[in-house]
Amino acid sequence: ALSKRRWPTIVNGSEPGGHNGTNDWSKNDLPGSWTPAGISESVVRSSRHMLVDVPVLNGFCMFIKREVVDAVGLMDDIAFPYGFGEENDFAMRTKRMGYELKVFEGGYIWHHKSKSYGDNTRRSLSS
């Protein structure tokens, strides 16, 4: 990302979220004997280590160049005082400024969803 002017905002693309058939898009348990370390090793072995273009970013783990913060500003803690959704706003502002949004598909970071708020608060913030 440091070598590409228009690739200043990158997020790691892995987390346990996704639709799990229960109308709760937030969490999926790891199946059977899977572990975060085992998944990480598999991802590293099988990845082509590519950056993939995306329209918006989920902000649990982001690499953001100082250049972007200087051009776009910080995440908006006034409009998003609970720290929920501000990364989507930041990504859309970044995109409007002409920067590209990328996901690195060659790594894995385990994201413990709902640890900051708990399930009930997260659900109310996302509704």
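A residue is called buried when its relative accessible area is under 20%, exposed when that area is over 50%, and partly exposed in between (1.4 Å probe, protein chains only). The model is predicted: local features need pLDDT of at least 70, side-chain atom pairs count only at pLDDT 80 or more, and totals for chains, interfaces and linings use all residues. Residues are numbered from 1 along each chain as its sequence is written, and side-chain values use heavy atoms, with hydrogens and water left out.

**Exercise 1. Describe the order of the secondary structure elements and the share of buried residues in the chain.**

Solution.
Step 1. Helices (H or I, at least four residues) and strands (E, at least two) are DSSP runs, numbered from the N terminus.
Step 2. The chain contains four helices and four strands, and their order from the N terminus is β-α-β-β-α-α-β-α.
Step 3. Of the 127 residues, 29% are buried.
Step 4. Contact means heavy atoms within 4.5 Å. Of the contacts between residues at least 6 apart in sequence, 77% join residues at least 24 apart.

**Exercise 2. Identify the residues of the largest nonpolar core and place alanine 91 among its contacts.**

Solution.
Step 1. A nonpolar core is a set of buried Ala, Val, Leu, Ile, Met, Phe, Trp, Tyr and Cys residues joined through side-chain atoms within 4.5 Å.
Step 2. The largest such core has five residues: Val54, Leu57, Ala91, Leu101 and Val103.
Step 3. Once residues up to four places away in sequence are set aside, alanine 91 touches Val56, Leu57 and Leu101.
Step 4. Alanine 91 is one of the buried residues of helix 3 (residues 86–96), a list that also includes Glu86, Phe90 and Thr94.
Step 5. Glycine 59 sits in the loop between strand 2 (51–53) and strand 3 (62–64). The C-alpha atoms of glycine 59 and alanine 91 are 8.9 Å apart, although 32 residues separate the two in sequence.

**Exercise 3. Determine whether glutamate 87 is buried or exposed, and list its contacts.**

Solution.
Step 1. Glutamate 87 belongs to helix 3.
Step 2. Its relative accessible area is 13%, so glutamate 87 counts as buried.
Step 3. Neighbours within four places in sequence aside, glutamate 87 is in contact with Leu57, Asn58, Gly59, Met62 and Met75.
Step 4. One of these partners, glycine 59, is partly exposed because its relative accessibility is 30%.

**Exercise 4. Compare the surroundings of the salt bridges formed by arginine 66 and by aspartate 89.**

Solution.
Step 1. A salt bridge is a side-chain nitrogen of Lys or Arg within 4 Å of a carboxyl oxygen of Asp or Glu. The structure holds four of them.
Step 2. Arginine 66 pairs with aspartate 70, with 3.5 Å between the closest N and O atoms. These two residues are about one helical turn apart, because they lie four residues apart in helix 2 (residues 66–72).
Step 3. Aspartate 89 pairs with arginine 93 at 3.0 Å between the closest N and O atoms. Here too the separation is about one helical turn, because the partners are four residues apart in helix 3.
Step 4. Arginine 66 and aspartate 70 are both exposed, whereas aspartate 89 and arginine 93 are both buried.

**Exercise 5. Trace the salt-bridge network that includes lysine 102.**

Solution.
Step 1. Glutamate 100 and lysine 102 form a salt bridge through their side chains, at 3.0 Å from N to O.
Step 2. Lysine 102 is buried, because its relative accessible area is 4%, while glutamate 100, at 29%, is partly exposed.
Step 3. Through shared partners, salt bridges join Asp53, Glu100 and Lys102 into one network.
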